[in-house]
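Colleague: Could you take a close look at one part of this model for me and walk me through how the helices pack there? A connected account would suit me better than a list.

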Amino acid sequence: MNAILSAESLTFGYEADTPLIREWSAQFDRGEVVAITGPSGRGKSTLLYLLGLMLKPTSGHVRLGTREASYYSDRERARLRASEYGFVFQDAALDPSRSVIDNVIEATLYRDVSRDDALPRANELLERFGVALRAHARPGQISGGQSQRIALCRALLGNPTVLLADEPTGNLDRPTAAVVMDAFHEAAHNGASVIVVTHDLALVNSCTRVIEL
Amino acid sequence: MKRHQRFGALLREGLAVARSQPVASAVTLVIVSVMCVTILLTSGKTIGSEQAVLGTIDSAGSRTILVRASPASGLTTDVLERLKDIEGIEWTAAFGPAVDGVNASIDGGRKVPVRAAWIPDPSRLSIPPKADADGTAWASAQALAELGLYDKVGSVSLDSGAQHLVAGEATVPSYLAFMEPLVLVPQVETVPNDDRVSVLVVLAKTPDLVVTVRDTVVSLLGVEDVQEVSVSTSASLANLRELIQSQLGVYARGLIAAIFGLTALLVGCILYALVLLRRKDFGRRRALGATRRLIVALVLVQTSATATLGALLGTAVGVIILVMSGDPLPTAGFTASVTFMAVLVSTAAALVPAVIASRRDPLTELRVP
């Protein structure tokens, strides 16, 4: 397997003298679905955002392929987030003022892809995840499960190299959680590396690897 | 994407954000509208009044240099040739001594002064350009009435026995009103021309040139006896004009600056509050890959779109109120500048909140409940 993402001696703390993550290293390969688990407060989400280039480590490295991505400029890291990453947040984090379809294609603006080019793929994803009929609804008009599936559509739209998910099934019923899990495995099958922070045992058990913090 | 496509996408997103924040957009729109209305109803009105006052002063002849010469002065129509190419002179006319003329059809009719006139550009008095070729006369409305020529045609006979056909009415600008009632007999200009001139009128191009042009005219009169010539100008009117212009200008500029400043502060505060309310939105955008520059651009596009709408609305309302109240309107340039500046000031005021929005840490913002 080919390593897409690696962390080397990663250290980070919100306060300088009390690191939350200390000298942490791992490697993530293509086709993997990796679960990161552990008790609350250990820094699982923080680790995910370090791997997602939203935070800069105090020391250590995050490498995306051969690129020393964690110390890139803010602009470069933003571009990598737009082009190489897909994110699924715990609460879906949809824009409540925009339609479902607008939420799905939001990141195309950051990726320099035109709306027209992205629409067919967005509609295809909505269809696949059973929310096509809600394409023009507002997030406030749909259920939590549908919101998370829409967030998944948004994350998958750009065919990301790395898919990061923070408690993606935390608020979902079992059938919806199963849909999300299947989507992760399919993304991995298509060559992505999927990293999931979760407490959901069913999701943990379906992963190809588990990292305990 | 190509550059124009990227700009189009940014514009579309900015407009969508503006629509998605109806309260903030409406408040911004109202503030900018009120700013434009206030400026137009205060400074705009002041400037409109200023233009009206200056127009009145100008029409009263703030640019006039008047030379009166007695027959002994030796002032001749040659002076027109000398003044022809002088920079700063807009119009010249020379008039001969007044001789009595009466309506040739009425015995013992009322006498009016008739003057020979040398006018390089007679159209200013509504006299045709070639009127000097046939010896016809042109009379002011007052002169026509006093001569009893109600059809504006007829003939006048002079004491010398000469007669001139009155071919029409001449309009008399305010700076020639002192010669009323006025009957003019345009003369062919010949060079050299030594016809005697009793009145020379010179118009400077602008009021501030009056003194310079007066000095030039005096130096080019070519008279034999300076004591026999009197030169009067509207320099005091020109000074008054300048004083009004500068005083009202300072007042209007100060007021405009204060209104713009207040608006910028209000718009800045609203957008700062909006940025605080939209922390999660900016956090999500940053997490999904929006650069800081893009976040700044989005906030600026959102603000400028709302401000443009507000400025157009406010300007339209302001102009309508001025028209309905019968107040003087400011110039189109001033009105357009107010609209443009309103958009510019609002957009500039959005810059600080926009930069603050772009500097937020995406992770912290995403965790905002």
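Modeller: Happy to. This is a predicted model, and I will start with chain B as a whole before closing in on one helix pair. Of the contacts in chain B with a separation of 6 or more, 84% are between residues 24 or more positions apart. The chain holds 11 helices and 10 strands, and 40% of its 369 residues are buried.

The part to look at closely is where helix 1 of chain B meets helix 8 of chain B. Two packed helices are described by the angle between their axes and the distance between the axes. Here the two axes come within 8 Å and cross at roughly 65°. Helix 1 of chain B is therefore roughly perpendicular to helix 8 of chain B, taking 65 to 115 degrees as the range for that word. The crossing of these two helices is right-handed.

Which residues make the contact between them? From helix 1 of chain B come Leu10(B), Leu11(B), Glu13(B), Gly14(B), Leu15(B), Val17(B) and Ala18(B). Helix 8 of chain B answers with Ala297(B), Leu298(B), Val301(B), Gln302(B), Ala305(B) and Thr306(B). Sorted by class, this helix-to-helix contact has nine nonpolar, three polar and one charged residues.

Both helices also take part in the contact between the chains. That contact draws 20 residues from chain B and 24 residues from chain A. On the chain B side, at least two residues each are supplied by helix 1 (3–20), helix 7 (279–287), helix 8 (292–325) and helix 11 (362–366). Helix 1 of chain B gives the largest share of that side, six residues. By class, the side of chain B that touches chain A has 10 nonpolar, four polar and six charged residues.

One backbone detail in chain B deserves a look too. Most residues other than glycine have a negative phi, and most peptide bonds are trans. Glu180(B) and Pro181(B), however, are joined by a cis peptide bond with omega of about -15°. Pro181(B) sits in the loop between strand 7 (163–169) and strand 8 (183–186) of chain B.

Across the contact, chain A has eight helices and nine strands, and buried residues are 47% of its 213 residues. Four of its strands form an open antiparallel sheet in the order 2-1-4-5. Strand 2 (21–29) and strand 5 (67–68) of chain A are the edges, each pairing on one side only. Strand 1 (residues 3–12) and strand 2 of chain A are paired over six bridges, and Leu5(A) has Phe28(A) in strand 2 as its bridge partner. Helix 1 (residues 44–51) of chain A lies across strand 1, strand 2 and strand 4 (59–64) of that chain, at about 125° to strand 1.

Strand 1 of chain A also contains Ser9(A), which has a positive phi of about 50° although it is not a glycine. Is Ser9(A) buried or exposed? Ser9(A) counts as exposed because it has 12 C-beta neighbours inside 10 Å. Ala93(A), not a glycine either, likewise has a positive phi of about 50°. Ala93(A) lies in the loop between strand 6 (85–88) and helix 3 (100–104) of chain A, and with 21 other C-beta atoms within 10 Å it is buried.

How values were computed
Residues are numbered from 1 along each chain as its sequence is written. Chains are lettered from A and ligands numbered from 1 in the order in which they are written. This is a predicted model: local features need pLDDT of at least 70, side-chain atom pairs count only at pLDDT 80 or more; totals for chains, interfaces and linings use all residues. Two residues are in contact if their C-beta atoms, placed from the backbone, lie within 7 Å. Ala, Val, Leu, Ile, Met, Phe, Trp, Tyr, Cys and Pro count as nonpolar, Asp, Glu, Lys and Arg as charged, and the others, Gly among them, as polar. A residue is buried if 20 or more other C-beta atoms lie within 10 Å of its own, exposed if 12 or fewer, and partly exposed in between; C-beta atoms are placed from the backbone. Axes are lines fitted to C-alpha atoms, for helices over the stretch in contact, and angles run from 0 to 180 degrees between N-to-C directions. Angles under 35 degrees count as roughly parallel, over 145 as roughly antiparallel, 65 to 115 as roughly perpendicular and the rest as oblique. A crossing is left-handed if the near helix is turned anticlockwise from the far one by less than a right angle, and right-handed if clockwise. Two strands pair if DSSP finds at least two bridges between them.
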